[in-house]
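Colleague: I would like a close look at a single part of this model, taken slowly enough for a first-year student. Please keep to one chain, and turn to its partner where the two meet.

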There are 2 protein chains.
Amino acid sequence: MYVCMMIIESERSRLRDLLSMLREGKGEGGEEKEGKYVSGEYISRALDISREAVWKYISMLRRRYGYRIDAKPRVGYMLVHRPDKLYPWEIMLELGRFDMVKEIIYYEEVESTQDVALRLAEQGRDSILVVAERQSRGRGRASRRWISPDGGVWFSLIIKPRISVRDVTLFSLATALAVCNTINGKFNFAARIKWPNDVIINYKKVAGILIDMSIEHDAINYAVVGIGVNANVSIDSIERMIGYADKSHYYGSTSLMHELGKAVDRVRLLASLLRELEHIYSRLAYKDEMLAAIRATIMLGPVRVIEGEGNDALTIEGVAIDVDDDGSLLVKSDGMIKKVTSGYVHVRYVG
Amino acid sequence: MYVCMMIIESERSRLRDLLSMLREGKGEGGEEKEGKYVSGEYISRALDISREAVWKYISMLRRRYGYRIDAKPRVGYMLVHRPDKLYPWEIMLELGRFDMVKEIIYYEEVESTQDVALRLAEQGRDSILVVAERQSRGRGRASRRWISPDGGVWFSLIIKPRISVRDVTLFSLATALAVCNTINGKFNFAARIKWPNDVIINYKKVAGILIDMSIEHDAINYAVVGIGVNANVSIDSIERMIGYADKSHYYGSTSLMHELGKAVDRVRLLASLLRELEHIYSRLAYKDEMLAAIRATIMLGPVRVIEGEGNDALTIEGVAIDVDDDGSLLVKSDGMIKKVTSGYVHVRYVG
């Protein structure tokens with residue numbers, strides 16, 4: 001029931017390179033060619049393909065993907081209009097080098113990007129972005145529906161976050177913060193987090209987050225971060241699609257287009273959001289990384305813990321086994337684990 | 001009883017600029033002048049001072065501060081040797097632009113850099129580095145002595161760490177980690193942290209940390225971070241100075257010079273250590289900064305918390321008042337504060 005756009009990798013990168021030339025097109029000599037004609041011969045030489053192949057890709061962009069490209073004999077090609085689509089080559093062009101996404105899977109329509117990503121994650125795949133123009137069975141939290149018509153930014157990202165299990169809720173809030181920061185920064189809104197997973201403008205839902213995680217032995221195997229942003233969605237279409245049962249949990253929706261009175265560039269929005277996610281996730285991991293560095297550097301082994309001074313001093317013999325998250329020394333003594341906090345304590349390593 | 005080196009600010013920066021020219025001295029045309037003669041006329045023009053003033057500063061460096069500078073008539077000056085001293089201009093030259101230190105107070109000898117820094121911190125002063133060649137009453141943890149003869153790196157730094165009170169022990173360990181990272185990175189040692197405040201090479205103490213903090217209403221006003229590194233200290237002199245009483249807490253000391261078989265550049269060591277501290281402290285603050293950003297973005301106010309689904313659902317009316325450090329929502333209901341963790345919970349904001 002869903003249309004998966006299968007495009008061979010070489011074709012994708014050709015389209016990306018061709019569009020890169022048409023969009024930002026530095027011609028010979030480096031002068032700006034934006035909104036200007038780029039010659040077929042120049043494209044042919046730069047991409048090392050025949051003039052016929054150039055024409056084939058131009059036709060493909062026009063007919064299959066909805067680009068408007070003007071062709072002037074003996075002058076060249078000019079990009080007139082690009083469609084409001086989340087095509088993978090457009091995302092790649094916008095992101096540039098970006099380690100968090102190694103592969104993009106694109107659908108015109110899919111049941112749920114989250115389910116596709118989850119299946120791939122279960123197979124051990126990583127750093128994959130699954131994106132769709134529409135979802136026919138978009139999921140929200142607690143198995144609720146997430147209405148996902150054309151015009152939204154619906155995606156799921158497979159990542160391996162370097163955080164501890166105890167920070168799972170914080171991870172979800174950090175994701176919501178990244179969405180807020182991105183839309184506030186780009187459009188000067190005052191979006192807020194509706195705990196734990198929605199983003200609100202003027203008390204109306206503009207984005208939602210769904211995170212599925214695989215946790216084993218207190219370690220996070222992978223997380224699939226699903227984000228839906230009502231970007232250029234018509235609010236009527238959402239209201240129409242919400243059934244009576246769902247409305248009990250419903251606050252009213254809005255979209256960026258609705259609030260701004262004009263459509264946003266969805267490709268740029270998605271790229272900015274991905275960059276903000278990378279930034280925030282890496283910062284979230286710093287403290288855990290530092291604790292890991294401290295644990296690798298701390299001396300463990302037999303200790304004598306002396307609490308107090310002089311005649312009142314209390315001595316415990318034990319073995320320092322670890323450092324707690326707050327920095328306390330964990331000492332095993334008589335089968336119990338004692339948490340030694342600094343203060344009037346002296347720890348003597350023995351032997 | 002202590003000798004404070006009072007140097008007027010303009011003199012300090014003149015010495016720094018002059019030494020900068022002698023040390024790295026880019027001459028006219030930008031060619032390297034290291035180990036080469038720099039002409040008096042060039043110095044005079046570059047520093048906008050008279051030839052007599054140049055000579056005065058050269059003499060000062062030689063006679064008062066122990067620099068060996070060769071002067072060749074009609075050629076210029078060449079830096080032959082700089083003394084193993086922690087002169088503030090040397091530290092400034094090595095650090096370059098560095099926000100954590102706005103002022104350096106230097107002593108040939110002082111009772112305790114920590115006490116000097118504490119007095120300044122109590123007056124509201126910030127970002128001051130107090131450094132000494134010797135301490136006559138150096139302090140360790142729990143009022144113990146810290147033997148501080150010539151050749152060590154003894155300093156105290158006033159900072160206002162952006163961390164929460166709950167991270168105080170971690171702050172101390174992070175400081176120890178910075179010391180370990182610096183000496184391991186520079187000299188390829190495997191220094192380790194002896195919890196909570198010493199740094200050990202081969203089970204012998206090479207550095208110690210003493211942190212005094214002023215805490216009011218759960219906020220940190222300031223911290224004075226005192227660090228002592230046995231850099232070029234002769235171990236004999238330490239052993240001789242330790243009395244019988246102190247030896248009960250004594251593991252044996254070592255110095256970098258003793259372990260390496262040669263003296264280290266103390267100015268460079270100090271500068272590297274300060275840079276590592278800045279790096280680690282800023283990372284320690286990231287998570288708290290993120291929590292602050294989440295708190296600023298989260299919606300608070302009246303909520304209805306629904307636990308479970310359908311007929312078994314339990315509903316609590318309350319007011320969302322904050323987010324806990326782990327990301328839970330704190331809801332006040334019937335005078336109690338309930339911690340709402342995500343899972344099978346639905347939070348409905350009311351009104």
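How many helices and strands does the secondary structure of chain A come to?

Modeller: Chain A has nine helices and 15 strands. Please keep in mind that the model is predicted. Of the 351 residues in chain A, 55% are buried. Contacts within the chain can be sorted by how far apart the two residues are in sequence. Among the contacts in chain A with a separation of 6 or more, 61% are between residues 24 or more positions apart.

A good place for a close look is the loop between strand 3 (76-81) and helix 4 (88-95) of chain A, where Tyr87(A) is found. The search of the whole structure gives 17 aromatic pairs over all chains. In one of them, the ring centres of Tyr65(A) and Tyr87(A) are 5.2 Å apart and the planes meet at 70 degrees, so this pair is edge-to-face. The step from angle to name rests on a cut-off: planes over 60 degrees apart count as edge-to-face. Tyr65(A) comes from another loop, between helix 3 (51-63) and strand 2 (68-72), and the two tyrosines are 22 residues apart. Both Tyr65(A) and Tyr87(A) are buried. They also belong to one aromatic cluster, together with Tyr67(A), Trp89(A) and Tyr106(A).

Charged residues of that loop make links of their own. Arg82(A) forms a salt bridge with Asp265(A), with 2.7 Å between the closest N and O atoms. Asp265(A) lies in the loop between helix 8 (256-260) and helix 9 (266-297), while Arg82(A) is in the loop between strand 3 and helix 4, so the pair ties together parts that are 183 residues apart in sequence. Asp265(A) is partly exposed, at a relative accessible area of 28%. Arg82(A) is partly exposed too, with a value of 22%.

Lys85(A) has a salt bridge as well: its side chain meets that of Glu108(A) at 2.7 Å, N to O. Here the loop between strand 3 and helix 4, which holds Lys85(A), is linked to strand 4 (residues 103-110), which holds Glu108(A), and the two residues are 23 apart. Glu108(A) has 17% relative accessibility and therefore counts as buried.

Elsewhere in chain A, Lys339(A) and Asp324(A) form a salt bridge with their closest N and O atoms 2.9 Å apart. Lys339(A) is in strand 14 (residues 336-340), and Asp324(A) is in the loop between strand 12 (314-323) and strand 13 (329-333), 15 residues away. Both ends are partly exposed: Lys339(A) has a relative accessible area of 42%, and Asp324(A) has 22%.

For a residue without a charge, take Ser44(A), which is in helix 2 (residues 40-47) of chain A. Its relative accessibility is 13%, so Ser44(A) counts as buried. Leaving out residues up to four places away in sequence, Ser44(A) touches Ile49(A), Ser50(A), Arg51(A) and Val54(A).

Now the partner. A turn of 180 degrees and a shift of 0.1 Å along the axis lay chain B on chain A with an RMSD of 0.1 Å. The two copies are thus related as by a two-fold rotation axis. Lys287(B) is the residue of chain B that comes closest to this axis, with its C-alpha at 3.4 Å.

Where the chains meet, each gives 53 residues to the contact. All of the interface residues of chain B, 100%, are also interface residues in chain A, so the copies meet through the same surface. The size of an interface is often given as the accessible area lost when the parts come together. Between chain B and chain A that area is about 4900 Å², with 61% of it on carbon and sulfur atoms.

Two salt bridges are counted between the chains. In one salt bridge, the side chain of Lys287(B) meets that of Asp167(A) at 2.7 Å, N to O. Lys287(B) and Asp167(A) are also part of a network of salt bridges that includes Arg166(A), Asp288(A), Arg295(A), Asp322(A) and Asp325(A). Another contact across the chains involves a ring: Arg283(A) lies over the face of Tyr286(B), 3.7 Å from the ring centre.

Conventions. Residues numbered from 1 in each chain as written. Chains lettered and ligands numbered in written order. Predicted model: local features only at pLDDT ≥ 70, side-chain atom pairs only at ≥ 80, totals over all residues. Heavy atoms only, no water. Phe/Tyr/Trp six-rings, centres within 6.5 Å; stacked < 30°, edge-to-face > 60°. Helix = DSSP H or I, 4+ residues; strand = E, 2+ residues; numbered from the N terminus. Buried < 20%, exposed > 50% of the residue type's maximum accessible area, 1.4 Å probe, protein only. Lys NZ or Arg CZ within 6 Å of the ring centre and 35° of its normal. Least-squares fit on C-alpha atoms with pLDDT ≥ 70 in both. Contact = heavy atoms within 4.5 Å. Buried area = accessible area lost by both parts, 1.4 Å probe. Salt bridge = Lys/Arg side-chain N within 4 Å of Asp/Glu carboxyl O.
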